[in-house]
Amino acid sequence: MPPYTIVYFPVRGRCEAMRMLLADQGQSWKEEVVTKDSWMQGSLKASCLYGQLPKFQDGDLTLYQSNAILRHLGRSLGLYGKDQREAALADVVNDGVEDLRCKYATLIYTNYEAGKDDYVKELPGRLKPFETLLSQNRGGQAFIVGDQVSFADYNLLDLMLIHQVLAPGCLDSLPLLSAYVARLSARPKLKAFLDSAEHVNRPINGNGKQ
């Protein structure tokens, strides 16, 4: 049995970053897919700490909150920087990813038709901090923090990939970020995952908008 289990809806949503992390690190995991009907029955929801998914199991440890799960994997798999300084910078990146992910989710689930044009127009400015962070780390030729991959890289990469679907030219004015996305996506194990039917056929969001 794989040590890890992801309990989540049949979408990429808040779990694709952790899936990319596990795949790239050569880890196996089990998926327990929760349908809308089974979720609406209420018993699983009632059993979840915050009444929401994802739920993640690492052996006998059960975790909730997607960013807590990413950080746990970062610590346990050596993906949290090489020292406290790099760990702190990885947290800065990850919190920035979370801020933009929340804005994205609000657009997708509450204001897609009316808000998409303005969102896309403002996107280069919202992505600029990540370009700046890259420029401050080895000229943008490495990872978002330090010289080894961290949990924050996978979360940022997922965020960039879903925004390239929403707005295909969104990285055109951000050469370091564009090259970073291409470079990370070409890592052999990660590329195999991104090319897999499992990833390609999994909807990004639960309402069909992307």
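## Cavity

This predicted model holds 1 cavity of 30 Å³ or more. Its volume comes out at about 40 Å³. Lining that cavity are R14, A17, S66, N67, L70, R101 and N155. Sorted by class, that makes 2 nonpolar, 3 polar and 2 charged residues.

Which element supplies the largest share of this lining? That would be helix α4 (residues 66-76), with 3 residues. A17, also on the lining list, belongs to another helix, α1 (residues 16-24).

## The largest pocket

Now for the open space. The largest pocket has a volume of about 530 Å³, and 21 residues line it. If you want to find its centre on screen, look for Y8, F9, V11, Y109 and G206, the lining residues that lie nearest to that point.

Three elements give two or more residues each to this lining: α2 (36-40), α5 (84-110) and α7 (151-166). Of the elements, α5 gives the most, with 5 residues. The class split for the pocket lining is 12 nonpolar, 5 polar and 4 charged residues.

## The sheet and its helix

There's an open sheet of 4 strands here, in the order β2-β1-β3-β4, and the pairing is mixed. The edges are β2 (29-33) and β4 (61-64), each of which pairs on one side only. On average, neighbouring strands of the sheet are turned by 20° against each other, ignoring direction.

What packs on this sheet? Helix α1 does, touching β1 (4-8), β2 and β3. The direction of α1 makes about 160° with that of β1.

## The β3-β4 hairpin

Strands β3 (residues 55-58) and β4 pair in the antiparallel sense, over 4 bridges. Among the bridge partners, Q57 goes with T62 in β4, and K55 goes with Y64 in β4. The hairpin has 2 residues between the strands, and G59 there takes a positive phi near 60°.

## Backbone oddities on either side

Just ahead of β3, a cis peptide bond joins L53 and P54, with omega at about 15°. P54 is found in the loop between α3 (43-47) and β3.

On the other side of the hairpin, Q65 lies in the loop between β4 and α4. Its phi is near 75°, which is a positive value in a residue other than glycine. The loop that holds Q65 leads into α4, the helix that gives the cavity lining its largest share.

## Two annotated domains

UniProt, in an unreviewed entry, lists "domain: GST N-terminal" over residues 2-81. How much helix and how much strand does the chain have over residues 2-81? The figures are 38% helix and 22% strand, and the end C-alpha atoms are 26 Å apart.

The record (again an unreviewed entry) gives "domain: GST C-terminal" for residues 83-204. Over that stretch the chain is 74% helix and 0% strand, and its end C-alpha atoms sit 34 Å apart.

Terms used: Residues are numbered from 1 along each chain as its sequence is written. This is a predicted model: local features need pLDDT of at least 70, side-chain atom pairs count only at pLDDT 80 or more; totals for chains, interfaces and linings use all residues. Side-chain values use heavy atoms; hydrogens and water are left out. Two strands pair if DSSP finds at least two bridges between them. Axes are lines fitted to C-alpha atoms, for helices over the stretch in contact, and angles run from 0 to 180 degrees between N-to-C directions. Contact means heavy atoms within 4.5 Å. UniProt positions are given in the numbering used here, feature names are shortened, and annotations may be inferred rather than shown by experiment. On a 1 Å grid over the protein atoms alone, a cavity is a set of points where a 1.4 Å probe fits but cannot get out, and a pocket is an open set with protein on both sides within 12 Å along at least five of seven lines; lining residues have an atom within 4 Å of a point. Grid points are joined across faces, edges and corners, and a volume is the space filled by probe spheres set on the points. Ala, Val, Leu, Ile, Met, Phe, Trp, Tyr, Cys and Pro count as nonpolar, Asp, Glu, Lys and Arg as charged, and the others, Gly among them, as polar.
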